[in-house]
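Here is a short tour for a reader who has not met this chain before. Look over the sequence and the model, then follow the text from single residues to the whole.

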Amino acid sequence: MWLNIGLILLVLAGFIGMLLLYMQRQSKKTGKGSVQAKESAAYQIDDLIGVVKEGIDEMTRTNLYEMGLSEESFRRQRNQRNELKKALKSCTHGSIQDKMYVKDYIKDLLREKHVTPKSVDRIMAFDNPQFLGFDEMFEILLHVYKKSYGYDGLGYLIEKYSLDELKYLIEDGQVGSYVITGDEIRRIYNDTLVRLSYEDKLEIITQRVYQSYKGFGVVDELRDMNIDGISGGVSGLTDFDNFQQSDIGRGVNGLESVWIFYKGKSIHLSFLSFGSEKELRRICQNIYRYNKAGQLSERDGYRVNEMKDGSRVVVVRPSFSESWAFFVRKFHIKNVCLEELIQDTGGELPTAMLKYLVKGARITSITGAQGCGKTTMLMAMVKHIYGTLTLRVQEMAFELHLRKVYPMRNILTFKETSSISGQAGLDLQKKTDGSVSILGEVATDEVAAWMLQMAQVASLFTLFTHHGKTVNDLVLSLRNALLKCDIFRDEKIAEEQVVSVLDFDVHLERDVKGHRYISRITEIVQVPRDQPYPMAYKEAEESSMTEFMDTMTEYFRRCTDRTTYETRDIIVYENGVYRVNEMIQLSTIKAMKLHMTQEDGQAFDGFIRQHWRQAV
């Protein structure tokens with residue numbers, strides 16, 4: 001019996017041993033598979049984002065008091081943490097410096113364990129271009145050109161390969177458009193001898209991680225480039241969940257909706273996609289956040305704000321708009337001068353005239369369609385206002401940033417807020433010793449009324465921009481604004497008030513190729529109200545009734561369709577050349593010279609004699 005029991009125990013022990021051995025082998029096998037899975041997962045951008053999040057969370061949330069650090073190490077660790085927190089908060093506001101700080105931290109996290117020289121090509125197929133997507137090729141090209149040309153890199157890429165030329169795509173039929181296609185990007189990439197070091201590859205991967213984690217997705221690097229603006233969510237189908245494959249093939253996916261504004265041209269980057277509506281929504285919800293801009297909600301379906309680098313951003317969302325969308329306009333605030341903006345033949349003529357307009361304290365409007373360069377022209381004109389004059393600026397969103405351009409000038413800018421109306425801001429300006437009033441944009445009836453108030457009583461002269469197409473449109477728009485705001489009830493009186501304020505209109509245009517120019521500089525001359533009526537009937541011996549009827553006709557004409565102003569196009573742009581046209585009023589010339597220095601007054605006389613051949 002004991003022998004049988006021993007044999008049974010021996011068999012059981014053997015069975016248990018074999019079972020344990022099998023389980024151990026399975027555990028090792030499973031563990032190895034898990035490691036391989038983890039290694040494979042680590043070579044995906046999404047997983048790298050998870051690694052970065054964990055690393056940053058560990059850095060920003062670990063209790064330093066429990067780490068047993070020395071005093072010096074504790075202070076260094078605390079300062080590093082505070083700097084990182086600050087950069088993480090500000091990098092989404094358009095701060096290039098904070099963005100670079102966060103990217104450097106991400107790069108160190110990736111370099112430490114996850115992106116080595118041996119594994120970097122497993123994350124992106126740098127060594128196999130045939131496996132690269134259009135967006136990856138573009139990001140590599142942008143990195144290469146940025147290394148050579150800085151933030152002008154995109155411009156050099158566009159100019160070198162003429163990517164800003166009109167194209168006639170099959171989908172558009174005969175309608176030309178500005179578009180950069182994926183096939184063009186592939187051709188450029190194949191023609192470019194791209195040689196990337198490990199550091200270059202790591203930088204590209206770091207950017208891809210950053211733009212999905214804290215940046216603005218596929219438009220993150222584009223936003224930083226020296227272009228006029230960028231927008232997204234403004235083309236294609238909006239029903240993101242119900243695309244037909246045939247629709248996507250024809251490039252009408254609303255997620256493939258990245259547009260840049262470059263040298264007056266709206267160019268569609270059709271090869272870039274936001275990937276999902278969730279990503280587009282994330283960008284829209286983050287890009288306007290600088291300086292506590294308020295909540296973008298379904299009730300408040302749009303926001304207008306500026307970014308830390310001075311860019312203007314507008315964000316809209318459903319149901320106010322048919323899809324989530326954003327618009328970023330960039331204003332180059334360095335080296336702005338009239339000579340660079342006006343380069344057509346005879347450009348010295350309007351350049352000198354604009355200088356004399358501000359030196360002569362003329363109330364001047366700068367008009368034109370969106371994107372024709374009104375704000376930039378206004379910034380350049382400010383340079384020639386006498387330094388002894390103080391400037392007060394009223395804007396809807398901070399765009400001009402004149403203090404950055406002219407840091408030694410006495411300039412202060414106000415904007416309307418949710419609790420302070422524009423009218424209150426204007427009333428306050430009257431108490432701030434302002435000599436020159438500047439309105440960034442007259443786009444609403446209330447702002448038009450402010451402009452007229454500023455021009456009449458608040459300053460020496462005023463500069464402003466407006467979207468009027470003609471002088472008549474400008475006058476009617478301002479007149480109607482006064483009527484809508486119940487400042488006047490009689491159209492004629494309101495129009496006379498507007499005309500009495502306006503002196504000159506500088507109208508800008510942009511042709512189909514994006515070329516910007518001044519189409520005309522127009523003097524606005526008010527027709528006096530106190531002109532005597534014809535009294536010839538009193539002196540006529542015969543046909544006195546005819547002379548009397550002439551007087552009555554003039555009376556009724558003044559009561560009905562009498563014009564309150566005349567226009568004189570003193571400089572015009574024709575066939576690519578600027579030339580003089582009509583003469584400026586002599587009374588206007590004298591009034592301008594009263595505000596000029598003696599040297600400028602004499603130079604202005606010479607300018608008039610040279611171009612209009614008339615003594616003043």
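His401 is found in the loop between β9 and α16 (402-405). The model is predicted, and in it His401 has a positive phi of about 50° although it is not a glycine. His401 counts as buried because its relative accessibility is 17%, and the cut-off for buried is under 20%.

**Backbone exceptions**

Most residues other than glycine have a negative phi, and most peptide bonds are trans. Asn575 also departs from this pattern, with a positive phi near 55°. Its place is the loop between β15 (565-574) and β16 (577-580). Is Asn575 buried or exposed? Asn575 is exposed, at 82% relative accessibility. Ser162, just after α7, has a positive phi of about 50°. A cis peptide bond runs from Pro318 to Ser319, with omega near 5°. Ser319 sits in the loop between β6 (312-316) and β7 (325-329).

**Three residues by accessibility**

| Residue | Relative accessibility | State |
|---|---|---|
| Gln394 | 3% | buried |
| Glu306 | 3% | buried |
| Asn575 | 82% | exposed |

Gln394 belongs to strand β9 (residues 391-395). Its C-alpha atom is 8.9 Å from that of Gln429, and the two residues are 35 apart along the chain. Glu306 is part of strand β5 (residues 302-306). Beyond its neighbours within four places in sequence, Glu306 contacts Tyr290, Asn291, Ser311, Arg312, Val313, Ala397, Phe398 and Lys415.

**Helices and their surroundings**

Why is helix α15 (residues 374-382) largely enclosed by the rest of the structure? Because 8 of its 9 residues are buried. Among them are Leu378 and Val382. Both of these touch Ile438.

In helix α7 (residues 153-160), the buried residues include Gly153, Leu154 and Ile158. The buried part of α7 packs against three helices and a strand: α6 (134-149), α8 (182-191), α10 (220-224) and β3 (258-262).

Helices α14 (residues 348-359) and α24 (residues 598-612) form a pair. Their axes come within 11 Å and cross at roughly 140°. The crossing is left-handed. From α14, the contact uses Leu349, Ala352, Met353, Tyr356 and Lys359; from α24, it uses Asp600, Ala603, Phe604, Phe607, His611 and Trp612. By class, that gives 8 nonpolar, 1 polar and 2 charged residues.

**Nonpolar cores**

Which residues touch the most other members of the largest nonpolar core? They are Met353, Leu354, Leu402, Ile438 and Ile521, in a core of 79 residues. Helix α18 (residues 445-458) gives the most to this core, with 8 residues. A second, separate core has 72 residues, including Leu109, Leu132, Phe274 and Val313.

Ile438 shows the surroundings of one core member. Setting aside residues up to four places away in sequence, its contacts include Leu391, Arg392, Val393, Gln394, Leu400, Leu402, Met454 and Leu463.

**The chain as a whole**

The chain has 24 helices and 16 strands. Of its 616 residues, 47% count as buried. Take the contacts between residues at least 6 apart in sequence: 64% of them join residues at least 24 apart. The chain exposes about 32500 Å², and carbon and sulfur atoms supply 51% of that.

Key. Residues numbered from 1 in each chain as written. Predicted model: local features only at pLDDT ≥ 70, side-chain atom pairs only at ≥ 80, totals over all residues. Heavy atoms only, no water. Buried < 20%, exposed > 50% of the residue type's maximum accessible area, 1.4 Å probe, protein only. Helix = DSSP H or I, 4+ residues; strand = E, 2+ residues; numbered from the N terminus. Axes fitted to C-alpha atoms, helices over the stretch in contact; angles between N-to-C directions. Left-handed = near helix turned anticlockwise from the far one by under 90°. Contact = heavy atoms within 4.5 Å. Nonpolar A, V, L, I, M, F, W, Y, C, P; charged D, E, K, R; others polar. Areas by Shrake-Rupley, 256 points an atom, 1.4 Å probe, with all protein chains shown as cover. Core = buried A, V, L, I, M, F, W, Y, C linked by side-chain atoms within 4.5 Å.
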